[in-house]
Amino acid sequence: MNTKHFKSLLLLFIISILTLQAFAEELNSKTEANANLSEPNFPLSEDEWKDKVIVIPIRGVIAPESYGGQEENILKAIKLAGKARRIIMEIDSPGGSVESCDKICQALITSPTPTTALVIRKAVSGGAMLATACSEIYMLSGSRIGDIQPMMMMSSKSLDDRTAEKAEADVRAIMSSNARHNNYPKVLLEAMVSRSFEVYEVNFKNGDRDFLKKHAYELLRKSMEEGIDKRKFSLPPKIIVTEGKLLSVEAQSAVEYEIAKKVLTSKDELLTLLNITKEEVINVKLSDGELNPLKLLNFSKWEMGKGLTMLLVLCLIIGIAGTFTEMNMPGFGIPGALGLIGFASFFTILFLNERATIFEISLFIVGIVLLIVEIVLIPGFGVAGVLGFICLLGGLLFSLVPALDSNYMELNFGGEMMFATLITGGVLVIGCVLVLILMERGGKSPFFKFMFLEKNLPEGKEALRKGIEKEKAAGEEIMDQHTEYLGLIATAYTPLRPSGKIKTDKGELIDVVTPGDYIEKGKKVEVISVDMNRIVVDLYTS
């Protein structure tokens with residue numbers, strides 16, 4: 001590589017870093033600009049909202065502002081609507097922080113203003129908690145409610161049994177409180193939280209209807225069979241939800257089970273039904289509440305901070321640079337070890353922070369195995385190599401994003417994948433440029449010269465001889481250059497891709513590399529240059 005090429009690569013390296021930084025800053029500025037355009041429109045006092053109908057939109061993840069959520073603004077809006085005619089919670093949310101939802105539920109239950117929930121598309125998990133905290137629920141056609149399984153915030157990672165039991169009991173208590181205050185079927189709301197319930201719907205000839213857990217249902221049947229309970233079923237008992245599943249119902253079923261009051265076709269229909277004119281309505285504007293991974297630099301749900309994030313990037317650069325450098329050197333040495341340490345540290349940090357799972361780590365390892373198979377067993381670069389490369393990239397990308405089936409990813413899939421792709425792509429470019437820089441200039445650094453060449457000798461026996469004689473005449477110490485190998489004709493003992501082993505006529509095995517070409521096992525090769533510990537061979541042509 002000449003000086004011109006080196007300068008070009010160095011310029012590309014600098015441009016890559018500046019582009020990565022500029023792109024992140026641009027996304028941050030856009031997020032801040034959008035947030036400024038949607039500042040909350042709160043009054044100075046609750047008197048300004050007196051006798052008005054306050055519509056509070058609940059969109060996306062319900063979380064504290066420190067996580068990019070809207071908890072504080074929602075609580076403020078509910079408090080300032082204390083003298084309003086009605087509060088309408090317009091809900092389309094996959095859930096969020098249990099603590100945030102609990103605070104908002106308490107604010108709704110204790111509010112002196114009548115509360116109504118309008119489910120736009122879905123009120124699941126924390127969204128269902130907020131909906132049932134309102135005194136009445138209306139649902140648009142096609143919407144659904146339910147499925148409140150406590151999980152780690154904004155992730156689908158399951159809790160351990162003890163923690164899960166505690167979290168489930170806490171959420172079940174919140175739902176029981178909502179049912180008691182607003183006269184919803186308590187068993188059905190609890191079945192939205194716990195998988196251990198099997199719930200039956202029973203209808204009696206006297207017009208009564210009840211929802212019973214399996215144990216209560218069996219006791220009822222027994223008492224009816226023994227004549228203790230004189231009631232008769234008007235319809236065969238029906239299982240609402242089986243054990244092992246969480247209750248989630250669409251709009252019409254929610255009305256049938258007395259969770260929702262009516263299925264509507266639009267928000268205007270709700271206003272008409274409640275005798276509300278559009279002039280009375282105040283639509284509250286909340287902050288966007290969108291999590292910006294590039295701005296937070298803590299991978300959304302983590303409280304990692306910039307330092308640990310940059311450590312991850314550094315580990316990835318070391319892994320990529322070490323691996324590519326090792327591929328261009330004979331044998332296995334320090335660059336390969338550094339590469340393994342870099343990747344191991346990268347996945348260890350992600351695993352300990354509950355981002356990378358066994359799936360992503362296994363996918364990455366499978367990619368490495370496929371590439372080794374391609375390099376060692378299969379000539380050229382074929383299906384195994386392509387699949388290996390895809391698995392490697394997939395392992396890296398998926399380890400940088402939250403679980404794909406999590407509530408958070410449902411709302412932020414595009415942004416998170418763009419972030420992960422940007423980080424992975426940028427690190428690949430930086431790593432490859434570093435490899436080329438180190439291969440070209442590493443031998444001139446006292447720190448790296450034990451791995452790289454101290455001097456590049458001209459190719460050819462005669463040029464090498466003249467160079468050595470010149471240095472001897474100048475009184476310079478000549479290090480062992482393995483000059484006896486220059487011009488040697490030998491046989492490729494292993495495939496050279498580009499590194500491998502050759503076997504001399506005397507049976508000696510030598511670690512070599514090619515200029516970059518693949519040479520099959522058994523082919524005749526010639527040593528074309530010797531650069532200290534680096535012996536370069538090419539296909540022999542007589």
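Helices and strands here are DSSP runs, counted from the N terminus, with at least four residues for a helix and at least two for a strand. On that basis, Asp-147 of this predicted model sits in the loop that links strand 5 (144–146) to helix 5 (161–182). Asp-147 is a bit of an oddity in its backbone: phi is positive, about 55 degrees, although the residue is not a glycine. With a relative accessibility of 35%, Asp-147 counts as partly exposed, because that class covers the range between under 20% (buried) and over 50% (exposed).

Asn-183 tells a related story. This residue falls in the loop between helix 5 and helix 6 (186–191), and its phi is also positive, near 60 degrees, in a residue other than glycine. Asn-183 has a relative accessibility of 69%, so it counts as exposed.

Stepping back to the whole chain, there are 16 helices and 16 strands. Of the 542 residues, 46% are buried. Among contacts with a separation of 6 or more, 65% are between residues 24 or more positions apart. The accessible surface adds up to about 27,600 Å², and carbon and sulfur atoms supply 58% of that.

Strand 4 (residues 136–140) is a good place to look inside. Five of its five residues are buried, so the strand is largely enclosed by the rest of the structure. The cover is there on both faces, with Glu-136, Tyr-138 and Leu-140 buried on one side and Ile-137 and Met-139 buried on the other. Strand 4 runs parallel to strand 3 (residues 115–124), and four bridges join the two. In this pairing, Val-119 has Met-139 of strand 4 as its bridge partner. To get from strand 3 to strand 4, the chain passes through helix 4 (residues 126–133), giving a right-handed β-α-β crossover. Strand 4 also pairs with strand 10 (residues 262–264), again in the parallel sense, over three bridges. Here Met-139 stands opposite Val-263 of strand 10. Met-139 therefore has a partner in strand 3 and another in strand 10, and is itself one of the buried residues of strand 4, given that buried means under 20% relative accessible area.

Thr-115 belongs to strand 3. Its relative accessibility is just 3%, so Thr-115 counts as buried. Leaving aside residues up to four places away in sequence, Thr-115 touches Ile-87, Leu-108, Ala-133, Cys-134, Ser-135 and Glu-136. One of these, Glu-136, is part of a covered face of strand 4, while Leu-108 is among the buried residues of helix 3.

Helix 3 (residues 98–110) itself has 13 residues and spans 18 Å from first C-alpha to last, close to the 18 Å expected at 1.5 Å a residue. At the start of helix 3, a side-chain oxygen of Ser-97 comes within 3.3 Å of the backbone nitrogen of Glu-99. The buried residues of helix 3 are Ser-100, Cys-101, Ile-104, Cys-105, Ala-107, Leu-108 and Ile-109. An α-helix has 3.6 residues a turn, so residues three or four places apart point the same way.

Further along the chain, Val-373 is found in helix 13 (residues 358–376). Val-373 has a relative accessible area of 28%, so it is partly exposed. The C-alpha atom of Val-373 lies 7.2 Å from that of Ala-384, although the two are eleven residues apart along the chain.

Terms used
Residues are numbered from 1 along each chain as its sequence is written. This is a predicted model: local features need pLDDT of at least 70, side-chain atom pairs count only at pLDDT 80 or more; totals for chains, interfaces and linings use all residues. Side-chain values use heavy atoms; hydrogens and water are left out. Buried means under 20% relative accessible area, exposed over 50%, partly exposed in between (1.4 Å probe, protein chains only). Contact means heavy atoms within 4.5 Å. Accessible areas come from the Shrake-Rupley method with a 1.4 Å probe; for residues, only the protein chains shown count as cover. The expected span of a helix is 1.5 Å times one less than its number of residues. A polar contact is a pair of N or O atoms within 3.5 Å; within protein, one must be able to donate a hydrogen and the other to accept it, and residues adjacent in sequence count only if both atoms are side-chain atoms. Two strands pair if DSSP finds at least two bridges between them. A crossover is right-handed if, with the strands pointing away from the viewer, the path from the first strand over the helix to the second runs clockwise.
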